Amino acid sequence: MRPLVLLDVDGVLNALGPPDGSWDDWRYGSAAALGRDWPIRFSPTVVAAVRGWTETADVNWLTTWGHEANTGLGDLLGLAKLPVAGTPDGPTEPAAQTVGALSAVTPAAPDRLTGRWWKLDVVRALVGRQPGRRLVWVDDDLAADPAGRAWVRGHTDCLLVAPDPLTGLVAGQLAAVAAFLLASQ
């Protein structure tokens, strides 16, 4: 079984801080979601790495962008459509069209009603349906949820990557994901 990579957008692919020395190929653009344009700062090097992950793993969005990650954002980044593992409104089927709140609009965790992080609920369901499947979860908000990280590590063979939201993914993190995926073959 191929490993599963769950990928966030803001703070991961979309660096939220000013350009730093992590990449020398920063690009700028915007992507539409929720009826407005959002500024996007990304590195084509990082996007190329994500494209490479699709050769050895099933890469899914797990982001408040929901299905809108596959429209303007995917076009801007040059990424093929990726399945959406879940949205703030609940797990989705590939054909569903759910508009989720962007991280700039809605905090990622915890949900004000349940006290739980909706993304962790999605991951719990995925792990429950496919026990033993290797997992890479890339989300800047993982740093804020030690209990969630502990749960995931206790239930599956995983690599959890929590980039600094100001820089997004950096070279060492890309190398760690590549090594984990290579070891999964």
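Arginine 124 is partly exposed in this predicted model, at 28% relative accessibility. Its salt-bridge partner is aspartate 121, with the closest N and O atoms 3.6 Å apart. Aspartate 121 is likewise partly exposed, and its relative accessible area is 26%. Both residues belong to helix H3. They are 3 residues apart, about one turn of the helix.

In total, the structure contains 6 salt bridges. Some of them join into a network, which links Arg2, Asp58 and Arg133. Arginine 2 pairs with aspartate 58, and the closest N and O atoms lie 3.0 Å apart. This contact connects distant parts of the chain, with the two positions 56 residues apart in numbering. Arginine 2 sits in the segment before strand S1 (4-7). Aspartate 58 sits in strand S4, which covers residues 58-61.

Aspartate 58 also meets arginine 133 in a salt bridge, at 2.4 Å from N to O. Here too, distant parts of the chain are linked, the residues being 75 apart. Arginine 133 lies in the loop between helix H3 (118-129) and strand S5 (135-138).

Accessibility was computed for each member of the network. Arginine 2 has a relative accessible area of 33% and is partly exposed. Aspartate 58 is partly exposed at 29%. Arginine 133 has a relative accessibility of 11%. Arginine 133 therefore counts as buried, because the value is under 20%.

Methods
Residues numbered from 1 in each chain as written. Predicted model: local features only at pLDDT ≥ 70, side-chain atom pairs only at ≥ 80, totals over all residues. Heavy atoms only, no water. Salt bridge = Lys/Arg side-chain N within 4 Å of Asp/Glu carboxyl O. Helix = DSSP H or I, 4+ residues; strand = E, 2+ residues; numbered from the N terminus. Buried < 20%, exposed > 50% of the residue type's maximum accessible area, 1.4 Å probe, protein only.
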